[in-house]
Amino acid sequence: MAGLREQWRRSAMQTIQERALDLFDERGFAAVTIEQVAAAADVSPSSVYRYFGTKEGLLVADEFDAMDDDALAGVLDPADPVGSMVRVVQRYEGTPGEGATGGVPRRRVRYFFTEPSVRTAVCAALDRAAQRVAPLLTGAGGSQRRRPGRRARGRVRLLRRARVVVRRRR
């Protein structure tokens with residue numbers, strides 16, 4: 001039952017994000033309210049707040065937020081942190097023909113750079129992601145035992161750079 005419930009939740013979140021992007025593209029980010037997004041997605045405003053928290057959260061939330069640590073560890077390879085991060089970014093943000101998750105990532109990234117409040121939310125989300133990913137990328141090697149946080153945070157910075165590399169290749 002939890003599997004079906006989770007599938008329904010993810011489907012609802014994707015629909016809400018798509019409707020929000022439609023409205024943002026049509027009217028502009030600042031002109032759209034959570035209530036309008038909820039009406040367009042045929043859900044209650046409380047559902048939008050529960051899933052995303054804020055209007056900025058509509059653009060920042062992605063499938064990796066919902067992954068548990070085991071699933072996240074399954075896509076990251078401590079032996080090849082940069083390569084595994086690049087593959088994750090390519091899978092998520094690549095063109096649809098390259099096995100990407102869809103058009104939502106591509107559509108929302110524009111707002112990361114044009115809306116200051118979204119940019120702030122993205123930075124906070126990246127910081128939270130770094131805190132989750134850092135322990136998974138920290139191997140059992142000698143120097144990593146002494147300073148796991150610093151080394152892993154450096155690797156997470158590489159993820160941010162990998163996103164830029166992927167975008168430039170398009």
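Me: Over residues 140-148 pLDDT stays under 50; how many contacts beyond four places in sequence does the model have there?
Reply: This is a predicted model, in which local features need pLDDT of at least 70 and side-chain atom pairs count only at pLDDT 80 or more, while totals for chains, interfaces and linings use all residues. Residues are numbered from 1 along each chain as its sequence is written, and side-chain values use heavy atoms, with hydrogens and water left out. pLDDT is the predictor's confidence in each residue, from 0 to 100, and a contact means heavy atoms within 4.5 Å. For residues 140-148, the number of such contacts beyond four places in sequence is 7.

Me: Which helix has the lowest confidence in the protein chain?
Reply: The chain averages a pLDDT of 79, and 73% of its residues score at least 70. Helices (DSSP runs of H or I, at least four residues, numbered from the N terminus) are the elements named here. Confidence is highest in H2 (residues 34-41), at 97, and lowest, at a mean of 40 over residues 142-146, in helix H9.

Me: At which residue does H8 bend?
Reply: H8 covers residues 116-137 and reaches 30 Å from its first C-alpha to its last, close to the 32 Å expected; the expected span is 1.5 Å times one less than the number of residues. A bend is the angle between axes fitted to the seven residues ending at a residue and the seven starting there. In H8 the bend is about 25°, and Pro135 follows within four residues of Gln131.

Me: What is the angle between H7 and H8?
Reply: Axes are lines fitted to C-alpha atoms, for helices over the stretch in contact, with angles from 0 to 180 degrees between N-to-C directions. Tyr111, Phe112, Phe113 and Thr114 of H7 meet Pro116, Val118, Arg119 and Val122 of H8. The helices are roughly perpendicular, a term for angles of 65 to 115 degrees. Their axes lie 6 Å apart, and the angle is about 105°.

Me: How far apart are the axes of H2 and H3?
Reply: H2 and H3 (residues 45-52) pack at an angle of about 105°, and so are roughly perpendicular to each other. Ile34, Glu35 and Ala38 of H2 make the contact with Pro45, Val48 and Tyr49 of H3. The distance between the axes is 8 Å.

Me: Is Ala39 buried or exposed?
Reply: Ala39 is in helix H2, 9.6 Å from Ile16, C-alpha to C-alpha. Buried means under 20% relative accessible area, exposed over 50%, partly exposed in between (1.4 Å probe, protein chains only). With a relative accessible area of 61%, Ala39 is exposed.

Methods: Helix = DSSP H or I, 4+ residues; strand = E, 2+ residues; numbered from the N terminus. Parallel < 35°, antiparallel > 145°, perpendicular 65-115°, else oblique.
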